[in-house]
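Reader: I would like to go through this model with you and ask what stands behind the terms used for it. Shall we look at it together?

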Amino acid sequence: MNNERLPRPTKIDADMWVDEAIWGHRLYDEQTPWLCFMEFLNVLQSELESGRAFVESEPNKLAYSPKSRLYLRNILFNNPQLTLISSKYRYDDKEAWLQWYEVMGKGQAGIVNADFKYLEKRFSNFGDFASVIQFLRETTIEGENNKRWSSQFIFPYGPDCLYEDLNVKDNGFTNDRRFFGRTGELLYLMLTRSGKGVQILANLQKSVLNPSNKFNRLVAALEPKDVVSSSPLRTGVYLPYPELAGYELLADDWLSLLESNIPNYDAIPHLVNITGLHLIMYSLNRAKAVLGDTNKLTFILEIVSPKKTIIRELSSDSFIEHNNMSRRAIEAYIRQVIETESWNQVTDIHEAITVLKNEYAWPKDNKESEVELVNSPDDLINMFVSAAINRHKQHVNKFHGVWGKEIGLSSRRGARRLRYAPQDMLLKSLVLCVVPKRMEFQDFLDKLYEKYGFIIGDKQALELTEAGRADLEAFSDNARRLEQRLASMGLLRRLSDACAYVENPFGIQEEVLP
Amino acid sequence: MTIVQSEWISFLRQYGPIPRNDNMYDEAIHRIIKRKNIKPIIVDSFYLSELIENYNSPNPKSVILTGTAGDGKTFNCREVWLALNGSLQEWQNDDKVKELDLLNFKKLYVIKDLSELKDEERGILNQFVNSVLNPNDGNVFLVAANDGQLIEAWKHLGTDPLTVQVKQCVEDLLVTEIKEKSGFNLRLYNLSQISAARLFPQIVDVVLQHPGWNDCNQCSLREDAQTGRTCPIWENRNRLEGNKDEQLIRSRVTDLLELCEFNGVHLPIRQLLLLVSNMLLGHPEAKDRLMSCSDAAKIVEENKTSLASVYRNILGDNLTERRRESTDVFAALGKFGIGYETSNTIDNILIFGEDDPELLPYYEDLVLNDTYYGADQTFRANQKEYLEGVLDSGVNFLESLRSQRQRLFFVIPREKENDLKLWHLTTFQYAGEFLSDVYRVAKNGKVATQITSRISQGLNRIFTGLLAKNNDELILATSGSHSQAKVSRIFEESISVPKKRGESMQIRMNANGTLVIEVKLSSSVATVELPLQLVRYEFLSRVAEGALPGSFSRECYEDILGFKSKLLKRLEERRRIDEEDSDDESDLSFRIIRLNQDGLIDDRIVEVNYDE
């Protein structure tokens, strides 16, 4: 497999090129998995319209143009008086619209010469309009969050529901990448490089990218017809490796979900979860590679038990080890320069600075004076490491923790320390991805270990139990708890004390049909 | 008279939750029975005669006996062996595979425990494959294995098409819970399907009628008229026998076991024997927490008989927490939270009953009346201190309240169940109603409309995410996607709950004898069923009555949404058949729902004039 890191972009805005070199530009903790998925859809739809869906002719040269859809967004999310007006003028439709136009005229943001009058022709009365808006608002992604209105998204019923995260001012907008931090772009590139884009696209065009879906058409009806709402070209994404086994595993899981019998759209929450998991694995695996650690990435999972168990400790240790890994990788990645030929030839600080500039784009030209004063190249490295770690701590370092929580992989439930303790929704996603139809429980555990490195039962924990860190019984109890939880979720059929089958309800459904 | 050390009691004790309970294993029991000359505890085997008949018939089929550890697989094998004139001696030797020539000229192979076979001995399974596929084969098998071992053993077998075929057949029989599949000369009996609720009364009878109790006739401890002291074992035995209260303990425990089964927990005979043994002999201060005769004497001496309470023992309260939780039967019964859950009525009776004229009759009846396990001296002393507010006296009393609640659950007479809200003493407030008014009624009749209405109201609240009161129709609504949003605003259809033009919702037994909520959309599409077990019933009832139980809401919530998905799928089908195309390319009309002032669901038809 081609494991050469791709060349970095010629122009670098950031203070240094360290996080990005390892994980790409970029993994962003504040962009939740759902928003990553939404950004991804924006990229894909735009590329689809340009006839390049999942095609990367030259690495890291993605340039796409998402939609802004400011009419739609003002109506949905910057429209606080809607219900008030609707009930106040319940018996005077004309007045309701007039009042609303006036309020919107003052309150809207980002549209030049805004005119909302087209709506009146499309709805038979204001009450209808208000109830449609209320319904669409209730589909807001991540429910009631406290993000700004221009960072709210509705459920992706189709292409007309897609638009990018923006910072909207009175008469214009910029993309400040507050919540679309390019993680979705990375996801897009990963799926592109998995080589399974065509299959994935075909499936998505049946649901999220299907323009003829009724609800998509409803959303389209809220936008004026002739307004162009494309944003400027977005470029600059960087995904370091052309090929990784992880890309294909991710794509495979997507396909198992998309090709199962899950009813329309219901696969999406699972796609989001499983993407989150793969990106967490990606972030850890990249860090391991830098650290020269070739052991399989494993997670010790506690299936939540009412009481403290040894598994809880182990799983918490496993979490903490992973949580520190990216920081260790940063340091290792920088210090590896010391082994290089060019560093050995360094005679003074200036030469050392040049080497670092070449390798890591640090320090910036205008900041050179701040670092020149250090005593030795060693001090320079230390200074750089601490600057890099400070920067790392702001976002990439938090990725593992934040995303783990978002997808329900890690939690603090019943304890003070964070640990891997998967929640029901994630467990369901895993069953849907791993079990085509029916699978014996022990095989299921094996499969989870093989695919995701999840250690749950005693067979997967052999290494730990042999090292005396826990007894087999603790792990078989853990597996039993999983069995019970899956059974209570209707995902497992238990035959007796020693045998159970995990069942994918959407894999089996067709079989039951008369 | 002296205190008798009964062999029977120490034999019975071996069945209890002690560290090494040999009596768990058929093999070991036989040795003890022989040595001590005790009559074994034998519960009628459900399938035995059918099995023997099979092997005596001219065309016997091979049989796999499967089930949970303790269901009686080995017992059944041995009884079949002996009935077919196999010798006991040969049975007891170490051969893993036993051979016997049958009268129908076939050769019977008995494998009493598949997991005992070593790898090199597994070859015999190839013969098994042949006998299953070929009815004229000269061999016939009887194989006992729990299903885990069964699946495991097959994994190691070859992958030739014949083996795979038989393997698939075995898996299908296991998973679909049927006995036979055509084309295969094989039967599979799953002993785990025998209901614990049915076995339990039988086991109690067999234990209570055991001649071993005659030992007690000579014992001075049995009932001492002079001192008024009674042996706690004997006391427990009498209470379990229930001559005074119409066998109330037995019937309440049976109810609990039946409810466990609804929640998918199977308890094998071995666990039931363990339960009975613990009920009679449990005491936290005895060795291994189970009384022997000499322990009993000491306990009487030290005035600690109240801790031997049969009511606490049912729930394993005599055991350490660890042991209780690792023993299946107590883990299962523990889920009911008996002793921890309560209602104001019950606690008021226990605490203030004496001074409250309204509660006094109950207090006398339920507490004062029972001086052995109820209002014994310690309880009354603690109660008095607690009420008078003596410092630091609360802990002991509150601790004993738990035991008293446990006792009350098993002694409140049937006719007072409703007045005293018996099932509020458990986690499942609707459990009593579920058993008597739903499950037992549905077996041969119609569940009351009032209950069906409540359940449909609960369903509607989950289906729509709104606090709806509609209870004579099911409202199918989506949010465009099936399960994404918490509130579903888009009205799809309403299905009548009473029978009407092919539509209906009923609570009934389906063809497999499972209790289900059954929804019919029309005669042309298949019905949709949701198995209705206790947890779901409780959940839906509580949702309907308004209070969402936080503890077990999530899993049920998902289940109900899954059920909605299935209904919507059938609805699509019905529309296709009736040619009501809903998703017409040009149509942009929606029915959006909201709650009106009466809490009923209204819908508004919204039409949008827009074409691209």
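Reader: What is the strand order of the open sheet of 5 strands in chain B?

Author: Happy to help! This is a predicted model, and in chain B the order reads β2-β3-β4-β1-β5, with mixed pairing.

Reader: What makes β2 and β5 of chain B the edge strands?

Author: β2 (97-101) and β5 (186-190) of chain B each pair on one side only, and that is what the term edge strand refers to here. Neighbouring strands of this sheet are turned by 15 degrees against each other on average, direction ignored.

Reader: How do you know that β1 and β5 of chain B count as paired?

Author: Pairing needs at least two bridges. Strand β1 (residues 62-66) of chain B is joined to β5(B) by 5 bridges, so the two count as paired. They run parallel. Ile64(B), for one, has Leu188(B) in β5(B) as its bridge partner.

Reader: Which strands does helix α4 of chain B touch as it packs on the sheet?

Author: Helix α4 (residues 73-83) touches β1, β3 (107-111) and β4 (139-144) of chain B. A contact here requires C-beta atoms within 7 Å. The direction of the helix makes about 150 degrees with that of β4(B).

Reader: Which domains does the assignment give for chain B?

Author: There are domain 1 (7-41 + 195-334), domain 2 (48-193), domain 3 (344-427) and domain 4 (462-607). The centres of domain 3 and domain 4 of chain B are separated by 44 Å, taken over C-alpha atoms.

Reader: And what does the assignment give for chain A?

Author: Chain A has domain 1 (25-239) and domain 2 (297-307 + 409-512). Their centres lie 38 Å apart, again over C-alpha atoms.

Key:
Residues numbered from 1 in each chain as written. Chains lettered and ligands numbered in written order. Predicted model: local features only at pLDDT ≥ 70, side-chain atom pairs only at ≥ 80, totals over all residues. Domains from an automatic or database assignment. Helix = DSSP H or I, 4+ residues; strand = E, 2+ residues; numbered from the N terminus. Axes fitted to C-alpha atoms, helices over the stretch in contact; angles between N-to-C directions. Contact = placed C-beta atoms within 7 Å.
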